[in-house]
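Work through these exercises with the model open beside you. Each task is followed by a stepwise solution.

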Amino acid sequence: MIQAVPPASMEAMETSVSNFAPLEGGLQPEPALLEVRDLTTKFYTVDGVVNALNGISYSVRKGECLAIVGESGSGKTVGVLSILRLIQSPPGKIVGGSISFKGTDLLKLDDNALRDIRGGAISVIFQDPMTSLNPVMRVGAQITENIMAHEALTRRQARDKAIEMLSRVGIPTPAKRVDDYPHQFSGGMRQRVMIAMALSCSPQLIIADEPTTALDVTIQAQIVELVKKLQSELGTAVIWISHDLGVVARLADRVAVMYAGHIVESAPVDELYARPAHPYTIGLLNSLPRLDAKVKTKLQAIGGLPPNLLGELRGCPFAPRCAFATDICRAQNPALLEVTPSHGVACWHDRLTGGRA
Amino acid sequence: MSEEVLVQVKDLKMHFPIRAGLFNRTVGAVKAVDGISFDIMKGETLGLVGESGCGKTTAGRAILHLYRPTGGEVSFKGTDLAKESPEGLRRTRRHMQMIFQDPYASLNPQMRVGEIIGRPLRVHGLVKSAPEEKDRVTELMQQVGLNVSYRDRFPHEFSGGQRQRIGIARALATSPDFIVCDEAISALDVSIQAQIINLLEQLRDELGLTYLFIAHDLSMVRYISTRVGVMYLGKMMELASSDALYEEPRHPYTRALLSAIPIPDPPLERQRQRMLLEGDLPSPANPPKGCRFSTRCPMATDLCRAVEPEFREVATRHWAACHFA
């Protein structure tokens, strides 16, 4: 977990006071809805052990949207699928850590108890709605199945609820569409069906794994606005996984940046974009062209490639690509520490305070 | 950008037949590209954007005559490609190359990198001996930033970004004037995309290349292109210089597309007004009557639903197909 570090200066101390006051609104801090600590997942393959997730810690508060950002292979999907133990085993195995959801450790639950939570209190929206919906089952039956697994309703009542959910996510003529098969929907409409299903049992937490990556931009905008609206209406917490820093800017309250199975930076959304501290986050933001850029500035690409996660890594995983790397970076992996209140960075030389090394 | 036209596209059409029934009769056509016209100037990068199914990839392929177009004309340096003999077309293709979207599918997995890059040299008779081919391949690999010692490796040994470099080296082998980049960076991670974009720009400036840059990422297209064309259901909706298109879009579809792109700046994003389009893309086999965009356009009137607007010059070197542009 994030440890408190003495603020580097008086200025930082002052921001800490002013930052905290409006955040809590004068109330007692609420316990987190989901608290993940030191979660470690490995894949045991014929080629060796893949260290997909190397002890990540984060928390999600009630009603907030946490975005987890990272490139392919950074562990962002493994990180959230581990919450519901949806990692295929073998080869995958959660080898350490704890996942506390409203005080219960999900890693210690038996399969039946976990099944009650999956699709109930915590539900998932997957990236590709075509492969995550059953192609030979009517969408209504799929939603109804989930509702009846979690709530004591008759088939008729569950069906009415399914229709209500479809209408809620903006599917026209839901009473008719409920009897259609997934292939009769377009990509954007299928994703709406997935969202309807995810919301059908009033979850407290929705995990959305790149739900708009496969969609066109105009459809992506529709889905993002829909999720924003539903989230504010229902007060559901959302973990939104994405590689698109634009979508995250629109949607998130807080952002965690992942690299090589570690969270390297975590901060409230405005803070992260305005004052990125980890060289990787800075690199990512600088490698994006901006649609509203009036003057063309050359893109600053991050050289090199993400590391291979096969086998143990020594030192900071970003060190080989980092312009600021020194000997300590290559020898020891820095822990994720708060450099200013609620802004955590795992870097020996973070660009906000100048570093701890 | 010079005033010399390198590629001229006139009313290009590419229809694919829909066959059905016992006798496999043609029952209709998917009008993937349905009459588009534009010029590509020597040295410019023309961006082509649109949603999936708008015909941008088909347009790129039809321009290279990888498909034989259903109608219209493409001329390259003044020669009409449709009138070329197969042999003549092959010779002309030396000067027109393509970089594909998927660096996993577009490289032969059984060929070594050196062979992949050297093959076009042999096909077009550009090298006379094996040592000469080897020298040229070395030069190409250095040009795109590939380690020359990897010449004997297979494509699967490379990452996505490196594979895309192999595809670029192959396209450059014949010293082309014109390259169609078809979603060349879409499959890559963000930090790698910038590497490839910078490489493409550097090569353009060094070798005097002309690009047709097809992509759905409007931010990237704005960044690399001198001019941008917006396609919708097989038609060109708007064409203008990058700055004009992004600063003063004239077509409602362009405006909707631009407003749908999120900008990585949270305070700005919270203020931005979204122009959300209703519904989905209609089928290109059965496009709406009148203006193709009229079914989703917030400004559509009866005129739009009846009469297809002409693609006309609404300002200097700024074309749009809208009655109200």
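**Exercise 1. Describe the main sheet of chain B in this predicted model.**

*Solution.* Start with the strand order. In chain B, eight strands form an open sheet in the order E6-E7-E8-E3-E9-E10-E12-E11, and the pairing is mixed. Next, find the edges. Strand E6 (96-99) and strand E11 (312-315) of chain B are the edge strands, since each pairs on one side only. Then take the twist. Neighbouring strands of this sheet are turned against each other by 25° on average, direction ignored.

**Exercise 2. In which sense do E3(B) and E9(B) pair, and over how many bridges?**

*Solution.* Locate the two strands: E3 covers residues 45-49 of chain B, and E9 covers residues 227-232 of chain B. Their pairing is parallel and runs over four bridges. One register point fixes the alignment: Gly47(B) has Val228(B) in E9(B) as its bridge partner.

**Exercise 3. Which strands of chain B do helices H1(B) and H5(B) touch or cross?**

*Solution.* Take helix H1 (residues 56-63) of chain B. Helix H1(B) lies across E3, strand E7 (178-182), strand E8 (210-214) and E9 of chain B. Its direction is at about 150° to E8(B). Now take H5(B). This helix packs on the sheet and touches E6 and E7 of chain B. The direction of H5(B) makes about 175° with that of E6(B).

**Exercise 4. Characterise the packing of H5(B) and H6(B).**

*Solution.* Two values are needed first: packed helices are described by the angle between their axes and the distance between the axes.

1. Geometry. The axes of helix H5 (residues 160-172) of chain B and helix H6 (residues 190-207) of chain B come within 10 Å and cross at roughly 20°.
2. Class of angle. Angles under 35 degrees count as roughly parallel, so H5(B) is roughly parallel to H6(B).
3. Hand. The crossing of H5(B) past H6(B) is right-handed.
4. Residues. H5(B) contributes Gly160(B), Gly161(B), Gln164(B), Ile168(B) and Leu172(B). H6(B) contributes Ile192(B), Gln195(B), Ile196(B), Leu199(B) and Leu203(B).
5. Composition. This contact of H5(B) with H6(B) has six nonpolar, four polar and no charged residues.

**Exercise 5. Repeat the analysis for H3(B) and H5(B).**

*Solution.*

1. Geometry. Helix H3 (residues 113-123) of chain B packs on H5(B) at an angle of about 25°, with the axes 7 Å apart.
2. Class of angle. H3(B) and H5(B) are therefore roughly parallel to each other.
3. Hand. H3(B) passes H5(B) in a right-handed crossing.
4. Residues. From H3(B) come Val113(B), Ile116(B), Ile117(B) and Pro120(B). They meet Ile166(B), Ala169(B) and Arg170(B) in H5(B).
5. Composition. The contact of H3(B) with H5(B) has six nonpolar residues, no polar ones and one charged.

**Exercise 6. Judge whether chain B is compact or extended for its length.**

*Solution.* Count the elements: chain B has 11 helices and 12 strands. Then compare radii. The radius of gyration of chain B is 21 Å, and the globule rule gives 20 Å for 325 residues. The two values are close, so chain B is as compact as a globular protein of that length. Along the principal axes, the C-alpha atoms of chain B fill a box of roughly 70 × 60 × 45 Å.

**Exercise 7. Describe the sheet of chain A and the hairpin at E11(A) and E12(A).**

*Solution.* Read the order first. Chain A has an open sheet of eight strands, E6-E7-E8-E3-E9-E10-E12-E11, with mixed pairing. Its edge strands are strand E6 (122-125) and E11 of chain A. The twist averages 25° from one strand to the next.

Now go to the hairpin. Strand E11 (residues 337-340) and strand E12 (residues 343-345) of chain A pair in the antiparallel sense over three bridges. Leu337(A) has Val345(A) as its bridge partner, and Thr340(A) has His343(A). Two residues lie between the strands, and Ser342(A) takes a positive phi near 60°.

Finish with a helix. Helix H8 (residues 187-199) of chain A lies across E6 and strand E7 (205-209) of chain A, at about 175° to E6(A).

**Exercise 8. Which helices build the side of chain A that touches chain B?**

*Solution.* Begin with the counts: 34 residues of chain A are in contact with 33 residues of chain B. Helix H9 (217-234), helix H10 (245-251), helix H11 (269-274) and helix H12 (279-286) of chain A each supply at least two residues of that side. H9(A) gives the most, with six residues. By class, this side of chain A has 16 nonpolar, 10 polar and eight charged residues.

How values were computed:
Residues are numbered from 1 along each chain as its sequence is written. Chains are lettered from A and ligands numbered from 1 in the order in which they are written. This is a predicted model: local features need pLDDT of at least 70, side-chain atom pairs count only at pLDDT 80 or more; totals for chains, interfaces and linings use all residues. Axes are lines fitted to C-alpha atoms, for helices over the stretch in contact, and angles run from 0 to 180 degrees between N-to-C directions. Angles under 35 degrees count as roughly parallel, over 145 as roughly antiparallel, 65 to 115 as roughly perpendicular and the rest as oblique. A crossing is left-handed if the near helix is turned anticlockwise from the far one by less than a right angle, and right-handed if clockwise. Two residues are in contact if their C-beta atoms, placed from the backbone, lie within 7 Å. Ala, Val, Leu, Ile, Met, Phe, Trp, Tyr, Cys and Pro count as nonpolar, Asp, Glu, Lys and Arg as charged, and the others, Gly among them, as polar. Two strands pair if DSSP finds at least two bridges between them. The radius of gyration is taken over C-alpha atoms; the globule rule is 2.2 Å times the number of residues to the power 0.38.
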